[in-house]
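Hi,

Here is the structure I promised to pass on. Have a look at it first, then read my notes underneath.

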Amino acid sequence: MKSLVLERKDELSLRDFPIEREEETLGPRDVRIKLHTVGICGSDVHYYTHGRIGPFVVKEPMILGHEASGTVIETGSEVATLKAGDRVCMEPGIPDPNSKATRLGMYNVDPAVRFWATPPVHGILRPTCVHPEAFTFKLPDNVSFAEAAMVEPLAVGVHAATKARIKPGDIAVVMGAGPIGLVTALSAIAGGCARVYVTDLAEKKLEIAASLSPAIIGVQAGQESVVERVKADTDGWGCDVVFEATGSPKAAAQVFEPLAPGGCVVMIGGQPDPIAYDAGAAMVREARVENIFRYAHVFPRCVAMLSSGAIDVKPLITRTFDFDESVKAFEIAASAPPSDVKMQIELPQ
């Protein structure tokens, strides 16, 4: 089937690609899905530009894409909750149901998890895929395919906000105004935060952030100190939660500076190398530090919040490409235009 294939670092092609028989076989509890919309994630771009993320190395051609929505076109014999014609979004990680991590409810950290577009597992920038019913979620009528393809990145933000244990009225700082930073800011507000400071170097991204909610305040790194701003606005006390969503060692080294005593830091951004950790700054605040890896148990919550209007991701979708423009779309995404947040690709229907 025609797919967007990462042949090797810096080389993409749109071509017919053979899918292994076992990957296309419909099991009794699987559904076959016709893909509609697929988002371009930073990890997809990183594989394209670097050929690896940490221990995950692209050693042979791999189909990209893992943020997706589509329509069920076939169901397995034991599928009970979905039928042909249902509009759905899909959680891209499939754990081993018998692993200890899965049995403990932490299926996202199962070492055996098979995650779309993570070597050697293929992604879904292709016409159809087979996926377990348990990780496929029906969409309400008022949630579009484009919004549904945003559920995957939104799940990261919701998982981070959940781990932070936000209380109504909390003050938060989100470091980074990329897609994950912005969905984290929206998740923090939905979780009860009264105010969220979002920091970034790009003024345009901060303008987008501030447009999302009156509760969001943009702070341009390098031009203004978020520590001074937060301290001034909280009578010197600091914020309750800091979300690190840049993946920058420099930003990560400063996570405790705006934090109030007893506050929480949530590390979201992936760090390619070990980073400096100011144990003293954490200690004098009795700070709690949480780390997240993807997400678990939040896709239904995300769909429900999109449907109710508690979170609106539509302003984050800044550009859409046809499937035939996929290579061009990735080239543009790799250039990191400051005015773009989330780019998506629509497949032929």
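Below is what I found, starting with a sheet and ending with a pocket.

Keep in mind that this is a predicted model, where local features need pLDDT of at least 70, side-chain atom pairs count only at pLDDT 80 or more, and totals for chains, interfaces and linings use all residues. Numbering starts from 1 along each chain as its sequence is written, and side-chain values use heavy atoms, with hydrogens and water left out.

First, the sheet. Six strands, in the order β15-β14-β13-β16-β17-β18, form an open sheet with parallel pairing (strands are DSSP runs of E, at least two residues, numbered from the N terminus; two of them pair if DSSP finds at least two bridges between them). At the edges sit β15 (216–220) and β18 (288–291), each pairing on one side only. β17 (residues 259–267) runs parallel to β18 and is joined to it by 4 bridges; Val266 stands opposite Glu290 there.

Now the pocket (on a 1 Å grid over the protein atoms alone, an open set of points where a 1.4 Å probe fits, with protein on both sides within 12 Å along at least five of seven lines; lining residues have an atom within 4 Å of a point). Which residues are the closest to the centre of the second largest pocket? They are Asp30, Ile94, Arg114, His131 and Pro132, out of 20 that line it. β11 (128–132) gives the largest share of that lining, 4 residues.

Cheers
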